Amino acid sequence: MTVLLEMNAIQKAFNGVPALSGASVEIERGEVHALIGQNGAGKSTMIKVLTGVYRRDDGKITFNGHDSVLTNPREAQAAGIATIYQELTLVPLRSVTENVMMGYEPKRFGAFIDWPAAHARTREILTRFGIDIDVKMPLGSYSTAIQQLVAIARAVSLDAKLVIMDEPTSSLDSSEVKTLFGVVRSLREAGVSVLYVSHFLDELFEICDRVTTMRDGKTVGCARLAETTKLDLIAGMLGRDTSEITEAGMTEFGGGTAKKGDILLEAKDVATGPRLTKFNMTLHRGEIVGLGGLLGAGRTEAARALFGVDPLRRGTISLKGAPAPSQPANAITAGLGYLTEDRKAEGIIPDMSVRENMTLALLPRMTKGGQIDRARERKIVQHYIDALGIKTADMEQPIRELSGGNQQKVLLARWLAIEPDILILDEPTRGVDVGAKREIQLIIRNFVDRGYSVVLISSEFEELVEGADRIVVLNEGRCITELTNPGVTEHKLVQALAQTSEASA
Amino acid sequence: MSTTITETRRKSVRQLVHGHGGIVALLAILLFNMAFTPNFLQLQTLFVNISQVATIAIVAMGMTLVIATGGIDLSVGAIMALAGALAPLIFLSEFGAANPALGVTLAIALPMLVAIACGLFNGIMVAKLNVQPIIATLILFISGRGIAQVLTNGNLQTFTNPHFSYLGTGKVLGLPFQGWLAIGIAIFLYFIISRTTFGRYVLAIGGNERAAQLSGGPVALVKIGVYMICGALAGLAGLIVVAINSASDAARNGSLMELDAIAAAVVGGALLQGGRAPIFGAILGAVIIQLVKYTLLANGVQDEVALIAKAGIILVAVYVQQARKE
């Protein structure tokens, strides 16, 4: 095999703060190469330097035998580097064909788009990946998985030599992951290289050839996956000893230890629409209740109902004995916090500073004589930056410049700052690396230990099983069963899901 | 060695232009005028420009707030006409003639209330009924001026009322009253934006409305609030124009003001997608727009050509904004 890409001793700093200092990666032709590291380790920066989004301060990039001097993503695409971003960058309201062909439409008389040819070519490209859909339908009418595969198909149709996938499976269910892996394997067979960024280490062993580990802007190791272990990789990312981790356990959670307090939140036969038809749950003081289920089971809808975002069509929710809030603002006053699943669309305000993002929910309680009490605001923000270990240049840095894990911590601080009794956490560790994940889990555990309660939604069974005291299992908008820790295992949870799927089928 | 020096210099010039494009443009226009426009460096010129620019600036500041929430208000010109038409009707009425002091007070207060009500209407359309801002404010854009002309039977109302005219011709410390008024409003709005929860919510809504809503922000109320402020400022500007002219012409008062105000806000650094509210930028934008108009007029360029120049400024402002975003 020959080398396709070599990035050597890359340096990049933002406002004097180094993001990359001597990072290197080497990818062979037709290789699936994993890139792992904690949030803030420099993976995204590395990719953006490669694709010309950022200009490197120093270092050498050789791509396809030439020195690479890409200055924008368009040039990267032309050179054969295609990127499938974590957040999809397609146009959901336009048809599949338009999305795949965008910018490269077949033309008639040099000006008019040749639609029959465009549809046919799109169909042909998608069939190669085993996707059989109506290409004239809007892309947004298909699942996230299909949209992602369409993005990959588009990339490959542009004769990509290297496809960069940033957390491609974070929003896919297991069957969709299988389809994706099939596509990755067919790329490898076609001689296309894949740079695969993922936090799901199990996946890497299934699909990747080699793995490069980054930490604090440096490359700390490169290994064949066949010759390494999951524990080694985690140790590499964290910069810790393997034996240390074995003792501490894989997550910072330990469910089933809570003593039951009085009932704080109770939902009875709640329905808000077709995606949540019968939801029951009780939450006691000092308890973590998990919501388990597959994609589309109604977990997020349940969270939205509890927080007063979606109006109830049926059923009742009571909060500390009183009727539940009908609006987020009331919910916050009543002592509820809701960390949303979609950080970008519903969480951060990208252009605002860390400080302004963190105190957004606290604002009504932070006024003095009609003004924002700025001294108190700074004090609170500094407290949470220190307490949660948020990596930021200072509190005035725009939140969009932070890594995903640090953004998530700021949002977590937004809710901790209102000192809520109950936190509803929807996928709190999604798109977050191993280190930040453990930290976030520890923050949640500490919060519960102080006598507060958490409703936890997580697609990672490991997190749910180890973290929750009880798990309410949902399927197609209905509560099916409830599992109580200690004694819940991943196996039991999967079994419950499997049984309910059969029962409803 | 020498290349690095020129490069840093080039870089710093570029940064200067990007960071303070408005001020650079302003200086350029001023230098041009000093060199070519006859009688530019005279107090009379300053007074004329201040009294003209104040109305644009006042409306542009309201527009900046609306734009900061991701909205737009096309009705400001019509609201000016409406407020301007009402004022003389009140103090020229029998009641107003009989009670001059009360007449002038009401002639200012009632049109302002009507202007605020127009803002309330816009705000409810946008925030409660979820009508696109451009469509919602188009309603008053069309009907507001119509109502104003119906109220005055399409006539030009002329008057002599020194108390009311103070709004447009009075002087404080030797400078036009409305100039001070604009600066006072700017300081007040700057305070609101940077120091109050209302201001923080304005920027949060423009930055990410769903996040603001889910964080407990009173999104609908804040949006209605900015349209009401914008309406009030437009009403005030309408009164000032009438006061300057000692006449109210419902057909011309505030005509095309919505475009000047949007242009001033954008030149001042407002982003049309929201999330930014440069209040003093809006004043700077208004000054630039006014000076360009004045420069062309004073140098004998036709009004129609001046419009093209204005479009040119907006184009440059948008370009600079894009470059700044990278």
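**Note on the two-chain model**

1. B:Asn153 is exposed, with a relative accessible area of 64%, where buried stands for under 20% relative accessible area, exposed for over 50% and partly exposed for what lies in between (1.4 Å probe, protein chains only). The structure is a predicted model, in which local features need pLDDT of at least 70 and side-chain atom pairs count only at pLDDT 80 or more, while totals for chains, interfaces and linings use all residues. Residues are numbered from 1 along each chain as its sequence is written, chains are lettered from A and ligands numbered from 1 in the order in which they are written, and side-chain values rest on heavy atoms, with hydrogens and water left out.

2. The backbone of B:Asn153 deserves a look as well, since phi there is near 55 degrees, a positive value in a residue other than glycine. Most residues other than glycine have a negative phi. B:Asn153 sits in the loop between H7 and strand E1 (157-158) of chain B, with helices (H or I, at least four residues) and strands (E, at least two) taken as DSSP runs numbered from the N terminus.

3. B:Asn39 can be read alongside that case: this residue, not a glycine either, has a positive phi of about 60 degrees. The loop that holds B:Asn39 runs between helix H2 (21-36) and helix H3 (43-68) of chain B, and with a relative accessible area of 52% B:Asn39 counts as exposed.

4. Chain B as a whole has 15 helices and four strands, and its C-alpha trace spans about 80 × 60 × 35 Å along the principal axes. Its radius of gyration, at 21 Å, agrees with the value near 20 Å that a compact globule of 326 residues would have; the radius is taken over C-alpha atoms, and the globule rule is 2.2 Å times the number of residues to the power 0.38. Of these 326 residues, 52% are buried, and chain B exposes about 15,100 Å², of which carbon and sulfur atoms supply 68% (Shrake-Rupley method, 1.4 Å probe; for residues, only the protein chains shown count as cover). Among contacts in chain B between residues at least 6 apart in sequence, 78% join residues at least 24 apart, a contact being heavy atoms within 4.5 Å.

5. Two helical positions of chain B give local detail. B:Cys118, in helix H6 (residues 100-127), is buried, with a relative accessible area of 9%, and, apart from neighbours within four places in sequence, it is in contact with B:Ile79, B:Leu82 and B:Leu140. The C-alpha atoms of B:Cys118 and B:Ile139 are 10 Å apart, with these positions 21 residues apart along the chain. B:Phe141, by contrast, is partly exposed at 33% relative accessible area; it belongs to helix H7 (residues 133-151) of chain B and, not counting residues up to four places away in sequence, touches B:Leu74, B:Ser75, B:Ala78 and B:Glu258.

6. Chain A holds 18 helices and 24 strands, and its radius of gyration of 24 Å is close to the 23 Å given by the globule rule for 505 residues, so chain A is as compact as a globular protein of that length. The C-alpha trace spans about 65 × 50 × 50 Å along its principal axes, and 52% of the 505 residues of chain A count as buried. Chain A exposes about 21,600 Å², with carbon and sulfur atoms supplying 50% of it.

7. One helix pair in chain A can be described in full: H4 (residues 115-128) and H5 (residues 144-157) pack at an angle of about 105 degrees, with their axes 10 Å apart. That makes H4(A) roughly perpendicular to H5(A). The contact is made by A:Arg121, A:Ile125 and A:Leu126 of H4(A) with A:Val150, A:Ala153 and A:Ser157 of H5(A). Angles run from 0 to 180 degrees between N-to-C directions, the axes being lines fitted to C-alpha atoms, for helices over the stretch in contact; under 35 degrees counts as roughly parallel, over 145 as roughly antiparallel, 65 to 115 as roughly perpendicular and the rest as oblique.

8. A:Arg378, lastly, lies in helix H14 (residues 374-388) of chain A and is partly exposed at 42% relative accessibility. Leaving out residues up to four places away in sequence, A:Arg378 touches A:Arg355 and A:Met395; the C-alpha atoms of A:Arg378 and A:Met395, 17 residues apart along the chain, are separated by 8.2 Å.
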